[in-house]
Each structure stands twice: as C-alpha cells, then as structure tokens.
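Here are a few exercises to work through with the model open in your viewer. Try each one before you read its solution.

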Amino acid sequence: MTSLLVIIVLVLLAVALWQLTKIFDLTQVGSSSDSSEVATDNDNNIQGYLMFGFLAFIYIFTIYGLFKWGNLVLHTPASAHGAEVDNLMNITWVLIFTVQAITQVLVHYFAFKYRGKQGQKALYFADNNKLEAIWSIIPAVVLAGLILYGLYAWTNIMFVDEDEDTVVIELYAQQFNWKARYSGADNVLGKANVRYIEGANAVGVDLSDPYAQDDVVVTELHIPVGKKILFKMRSQDVLHSAYMPHFRAQMNCVPGMVTQFAFEPIYTTAQYRELPFMVEKVANINALRAKKSAELVAKGETALDPYTFDYLLLCNKICGASHYNMQMKIIVDTPEDYKAWLKDKATVVNEVKAALAEPAATDAAVGSDSAAVKGDKGVAVTAMK
Ligand SMILES: [Cu+2]
C-alpha cells in the first residue's frame, strides 16, 4: 500500500513539473530576442561536454558498484564442475567489460568531436566495405569462440557415464516445496506418476513397482561428498527450476517429463563453513544480526538467532505467490555420515502402510463399528505388497 502511494505521489510530482515547465515556456514568449529553436554553438558545446559528464558517470558508477557489491557474488564453487562454469563466466565478464570500456569512450568522444557547429554540414558517406568487414568479423569470431567454449563446457558438465557409480536422487517440485526421493539399495527409482499421489504417498510413487519398494522420500537433502549425484527432476504442477547456486547447478523441472543434472560435491557442509571467505561472510551477517537483535530486545521483542551457513536448493522460476520461499536445505556429508543418515529412513511403502494402519488402530481403540473400513484398508495394504 505504501509503495502504491509513493508511486502515485511520484507520478503526480512528474505531472506537476511538466505543467510548470509549460507555464514557464509560455511566460518566456516574446521576452527574448532569440526565440529560434535551432541549436546555437553554445548549446552544442554544452551537449558535447555533457557527453563526457555521462561517460564519467557510467564509469564511476561501474567502479563503485564493483567495490560496493562485488563481494556479494558467489565465491568458491562446491562442485567438481563448478570451476569450469566460473571460468566461462569470468571470460564473458572480462570480454564484456573490455568491449564496453573501449566502445563507450569512442561513442562519447566522437559525439563530442562531431558536435554541431554553425555552418558545418555533415559529410555524406555511403559505405566502407573494409570498416564493415572489421566490425562484423571481429565480434563474429569472438562470439563464435565464446559459444564454442560454452558448448564444450556444457557437454562436459551434462555428460553422465551410464556405467559410472552414481547416486540417483529424485527432486520433486510442488507449489511451494521440494521433496527428495532416494532410490534405495537398488539405486533405481521406482516408477512414479502424479495420479498415484494420495495421503502419505506425496510424490506419487507407483507402490506396485518392484524398484519402488526401497524408495525413501525426505524433505531435507543429504548427499555424500566426492561422489557423483545424478538428480532426476519432476514437477507436480507448473514449471519450477531446481537451482543449487553453490554447486553451479540449475535445471528446469517440467510437469510431465523428467529432466536431469549430475554433479559431484567437493566440500562437505562442515568443510565449506570453514573456508576463510565463508567464515568472514557469516561473521559479517552475524554482526548485522547482533545489531538488529539489540534493537529488537530494546523494544521488548525476541532477538534473532545467529546465522549458520547451509547449502540450499532454491526454485529459480517464478512459480506463484510463495515462490520466494520454495527452498530445501542441502547437507553434504562424509560418505559414512551419509550412510548412517539414510540407514534408518522409512521407505515410502512402509510410510503408506503405517498411515493406513493408523486410522484403523484409532478406530479400534474407540471401539467404533468400523470393520468395513478396516477391511477396505486391509485390502489396500495387501494389494500394495
Ligand atoms: Cu517453484
């Protein structure tokens, strides 16, 4: 509401200023001897020097931005292929900045040099093949190089060796949360379809599929360090995008199809927290939080918890009202911790059985006449085995 009012006030201010300039123009009619609308040499000189003013502004703002916000970019990549993505990104940045720095100087300098002068006419210049060849071939070669390198990097990153020992995990996107399904001891995900979603079977696993018997569904993603993880992505409703920035990984989740992305995490969560840049970053965040907490406590409110770093899986497609908060914590464990964590997780099949058994048990406890209901559920459980 406040922002709407601010916008209305700004628009009204702009209209008022516009009207004021019109009134000012009207008051000037007939008062000046020079009412010509043709620019004088003085006007042209002012415009010419303003070109340098604008050039200085964009350079100063760029340099200021780099110093002020440069530390907010993602730091050390946490996956094996991450360095390659960063390299491609850095090359692109260097190219963009170099070309931008040179062309902006040229554009503004020539705008100044050839500013209007009384009595000077523009030279008619049809074309120059040599010049056109230079400014077409150089960008074409540079861009082709960049694209070829990009394609090479992409193919490398997306390649998954079928024979390689990978951990297969499904990421399931729903408005507005993520679930992860582990493929169990057989390392094969059971079939799944949105039509099977019911009760405890939140991601629609086909419970009759032999491969689905050991599948486990969780809401916190654990992955082992130093092992390639093959993610299979599905979406229940709309387009989502599985984005794991620290691992330089992103892939769309499309309803009706399975997409995939594989990477190898190279730092456990504990190791990544200890990296000097992260220690510094977390200390900065906590210094800000401590300041804010002091203000809150002074007002009689609860203080903020200190921040600890965790890898995150985020949604990177605007998928609805709560898109901003669609995230899941990722924990990179040592292989031993990972095994220990996964060991005692209930399978989907068992969870569904337990959920079905629960109401029946409650019914029995209250002594209600629910034999028919219990019978139905009993059939359902048997059929599932
Ligand atoms: Cu989403």
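Helices (H or I, at least four residues) and strands (E, at least two) are DSSP runs, numbered from the N terminus. Keep in mind that this is a predicted model.

**Exercise 1.** Work out whether the protein chain is spread out or a compact globule.

Solution. Start with the secondary structure: the protein chain has nine helices and 10 strands. Next, take the radius of gyration, 32 Å, and set it against the 21 Å that the globule rule gives for 385 residues; the value is well over the rule, so the chain is more spread out than a compact globule. Then look at the C-alpha trace, which spans about 105 × 55 × 40 Å along its principal axes. Finally, check burial: 18% of the 385 residues count as buried.

**Exercise 2.** Find the cis peptide bond that joins Gln 175 to its partner, and place that partner in the fold.

Solution. The bond runs from Gln 175 to Phe 176, with omega about 0 degrees. Now place Phe 176: it sits in the loop between strand E1 (167-174) and strand E2 (177-182).

**Exercise 3.** Asn 187 and Arg 248 each have a positive phi. Decide for each whether it is buried or partly exposed.

Solution. Take Asn 187, in the loop between E2 and strand E3 (216-218), with phi near 55 degrees. It has 15 other C-beta atoms within 10 Å, so Asn 187 is partly exposed. Move on to Arg 248, in the loop between strand E6 (240-244) and strand E7 (249-253), where phi is near 50 degrees. Buried takes 20 or more such atoms; Arg 248 has 20, so it is buried.

Key. Residues numbered from 1 in each chain as written. Predicted model: local features only at pLDDT ≥ 70, side-chain atom pairs only at ≥ 80, totals over all residues. Buried ≥ 20, exposed ≤ 12 C-beta atoms within 10 Å, placed from the backbone. Rg over C-alpha atoms; globule rule 2.2 N^0.38 Å.
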